[in-house]
Structures are given as structure tokens and as C-alpha cells.
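Here is a protein model to read alongside its sequence. The questions below ask how each label is earned.

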Amino acid sequence: MKEPQTRLVGELVFGAVLVLLSLGIAYLAYSISGFSSLNSAGAFPIGISFIMVVSALWCLFEALMKKPAAVHGMAALRQFCREHFPVRLVVFLAMAVVYLAVMDWISFYASTFIFISACIFYLRRGGLLLALGVSALALTVIYLMFTLVFSVYLP
């Protein structure tokens with residue numbers, strides 16, 4: 001018989017949170033229209049959420065079957081943060097939050113151009129002309145798609 005794997009730091013908490021969130025989604029799916037018939041508006045979301053709940057329970061069960069991690073307490077928290085929240089990810093998330101916050105103050109197009117340019121420049125560690133060029137191209141495609149294809153004018 002093979003030796004059980006060691007549980008990753010935070011894996012058990014992740015499994016539990018996954019189960020709770022999937023149960024919340026299942027509740028929201030059920031509140032659409034209940035499960036009155038197979039072709040009701042809530043039937044497909046209920047089916048998908050059932051699959052999510054089963055998958056989350058499976059992940060939690062697998063985590064429970066592993067040996068506990070060797071690291072505990074604050075050392076475990078530091079290791080978890082170091083592995084799952086590297087500085088580049090935290091900076092990118094902060095940039096995304098700022099982008100969403102300023103979109104109302106300046107136009108969608110200006111904030112999107114600045115956001116894409118800043119992200120490319122930061123994540124590639126340089127290349128301002130490339131970042132500006134790709135941002136301009138992406139914004140042109142977005143503009144054409146929404147204006148010509150969808151007939152939706154963004155603010």
C-alpha cells in the first residue's frame with residue numbers, strides 16, 4: 001500500500017471554503033425558480049451547482065485523507081501567503097481594483113487603455129512601446145466589436 005500524500009498548507013481550509021461557496025451557489029440556483037420541471041429556468045443552474053457541490057466535497061474528502069502538513073501556526077500562514085500570493089499577483093490585483101474604481105471617473109476606453117498598458121508594462125518588466133501598442137490594438141478591437149458587432153456604445 002502506498003504512503004498517503006502530505007496535505008498542502010491551506011488545502012483543508014480551501015476545501016471547506018469550496019464546499020461552502022458551492023452550497024451558496026446551489027442555494028442561489030435553486031432560488032431562481034426551484035426545481036419545478038426539467039425545462040424550468042433554474043434546472044440547468046441547479047444541475048451545474050450540484051456538480052460543483054459534489055466536486056467540492058470530493059476535494060475536501062481527498063484533503064482529509066492526506067497526512068497533515070508538517071508546518072503549523074504562523075509559519076504555515078507565512079508559507080501559504082508566500083506560495084499563493086506572490087508580489088506580482090498582489091500588485092496585479094491592486095491594479096485591477098484601481099481600474100474598476102476609476103472606470104466611473106474617466107471613460108471606459110481611457111481607463112482600459114491605461115490598465116492594459118500598465119499591466120503589460122509591469123508583468124513583462126519593461127517594454128513601454130510594446131505595452132502601448134498592444135493596448136491600442138486591444139482597445140481598437142474592443143471598440144469595433146462593441147460598436148459594429150453588438151451595437152453597444154460604451155461610456
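Q: Why is Glu11 called buried or exposed?
A: Glu11 counts as buried, because its relative accessibility is 18%. Buried means under 20% relative accessible area, exposed means over 50%, and partly exposed lies in between (1.4 Å probe, protein chains only). This is a predicted model, where local features need pLDDT of at least 70 and side-chain atom pairs count only at pLDDT 80 or more, while totals for chains, interfaces and linings use all residues. Residues are numbered from 1 along each chain as its sequence is written, and side-chain values use heavy atoms, with hydrogens and water left out.

Q: What makes Glu11 and Lys66 a salt bridge?
A: Their side chains meet at 2.9 Å, N to O. A salt bridge needs a side-chain nitrogen of Lys or Arg within 4 Å of a carboxyl oxygen of Asp or Glu, so the pair qualifies. The pair links distant parts of the chain, 55 residues apart: Glu11 sits in helix α1, and Lys66 in the loop between α2 (43–65) and α3. Helices are DSSP runs (H or I, at least four residues), numbered from the N terminus. The structure holds one salt bridge.

Q: How do you know which residues line the largest pocket?
A: Lining residues have an atom within 4 Å of a pocket point. Among them are Glu11, Phe14, Phe80 and His84. On a 1 Å grid over the protein atoms alone, a pocket is an open set of points where a 1.4 Å probe fits, with protein on both sides within 12 Å along at least five of seven lines. α1 gives the most to the lining, with six residues.

Q: What makes the lining of the largest pocket nonpolar, polar or charged?
A: Ala, Val, Leu, Ile, Met, Phe, Trp, Tyr, Cys and Pro count as nonpolar, Asp, Glu, Lys and Arg as charged, and the others, Gly among them, as polar. By these classes the lining has nine nonpolar, two polar and one charged residues.

Q: Why is Thr112 called buried or exposed?
A: Thr112 has 4% relative accessibility, so Thr112 counts as buried. Thr112 is found in helix α5 (residues 108–123). Leaving aside neighbours within four places in sequence, Thr112 is in contact (heavy atoms within 4.5 Å) with Tyr99, Leu139 and Ile142.

Q: Why is Arg125 called exposed or buried?
A: Arg125 reaches 65% relative accessibility, so Arg125 counts as exposed. Arg125 lies in the loop between α5 and α6 (128–149). Its phi is near 60°, a positive value in a residue other than glycine. Most residues other than glycine have a negative phi.

Notes. Helices (H or I, at least four residues) and strands (E, at least two) are DSSP runs, numbered from the N terminus.
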